[in-house]
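Me: Please show me the model, and then let us go through its surface and its backbone by question and answer.

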Amino acid sequence: MGTKAGKPPQGKRKGADRFSRLFGDIANGTSLAAGRASTFMLAAGVVLVWAITGPLFQFSDTWQLIIKTGTTIVTFLMVFLIQNSQNRDSAAIQVKLDELIRVSAAQNSLVGIEHLTDEELEEIRSKCERRAEVDNNDDQDGKDSVRRTGDKATKAAERAVAAE
């Protein structure tokens with residue numbers, strides 16, 4: 001049925017690629033639309049209209065079922081769309097990070113570690129933290145840079161709180 005590499009025949013693959021691209025486009029568009037203020041206002045308006053019509057329908061079971069069914073359906077579909085968007089965003093960020101690692105003085109052996117088990121990732125993270133701690137103890141410039149970055153972050157946080 002498949003080719004030697006275990007891939008589906010080209011005809012089936014093109015159809016799957018088209019479907020995947022279509023789903024990605026729909027998920028992207030829906031995610032963008034769902035995050036807009038106008039979409040929130042529309043949803044709030046629907047809830048308001050539903051609430052106002054409560055006395056008209058004597059707060060019947062059918063009246064309640066309408067909002068419950070609508071919100072359940074929207075939530076169910078949004079889970080898949082949001083997960084698709086997050087998966088694509090994560091993959092894109094991972095590719096960017098891998099490229100930065102590849103072209104920098106960082107260890108190229110870290111490229112692709114997202115495929116390791118949680119335990120393997122924790123071991124690598126611990127080793128990196130220990131190396132960073134040793135490097136920071138040996139490097140006054142590194143300490144100064146970290147302190148300056150922390151100061152900038154604190155000031156930015158204070159400005160954000162003051163703006164509220």
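Reply: One definition comes before the questions: a patch is made of residues with over 30% relative accessible area and no salt bridge, and nonpolar side chains are joined within 5 Å. The model shown here is predicted.

Me: Which helix gives the most to the nonpolar patch?
Reply: The patch on the surface is formed by Phe19, Phe23, Ile73, Phe76, Leu77, Val79 and Phe80, with about 720 Å² of accessible area together. Two helices, α1 (10–34) and α3 (61–103), each supply at least two of these residues. With 5 residues, the helix that gives the most is α3.

Me: Is phenylalanine 19 buried or exposed?
Reply: Phenylalanine 19 belongs to the nonpolar patch and lies in helix α1. Exposed means over 50% relative accessible area. Phenylalanine 19 has 57%, so this residue is exposed.

Me: What is the phi of glutamine 58?
Reply: Most residues other than glycine have a negative phi. Glutamine 58 sits in the loop between α2 (37–52) and α3. Although it is not a glycine, its phi is positive, at about 55 degrees.

Me: Is glutamine 58 buried or exposed?
Reply: The cut-off for exposed is over 50% relative accessible area. Glutamine 58 has a relative accessibility of 67%, and therefore counts as exposed.

Me: How does phenylalanine 59 count by its relative accessibility, and what is that value?
Reply: Phenylalanine 59 is also placed in the loop between α2 and α3, and its phi is positive, near 50 degrees. Partly exposed covers the range between under 20% and over 50%. Phenylalanine 59 therefore counts as partly exposed, at 46%.

Terms used. Residues numbered from 1 in each chain as written. Predicted model: local features only at pLDDT ≥ 70, side-chain atom pairs only at ≥ 80, totals over all residues. Heavy atoms only, no water. Patch = residues over 30% accessible without salt bridge, like charges linked within 9 Å, V, L, I, M, F, W, Y side chains within 5 Å. Areas by Shrake-Rupley, 256 points an atom, 1.4 Å probe, with all protein chains shown as cover. Salt bridge = Lys/Arg side-chain N within 4 Å of Asp/Glu carboxyl O. Helix = DSSP H or I, 4+ residues; strand = E, 2+ residues; numbered from the N terminus. Buried < 20%, exposed > 50% of the residue type's maximum accessible area, 1.4 Å probe, protein only.
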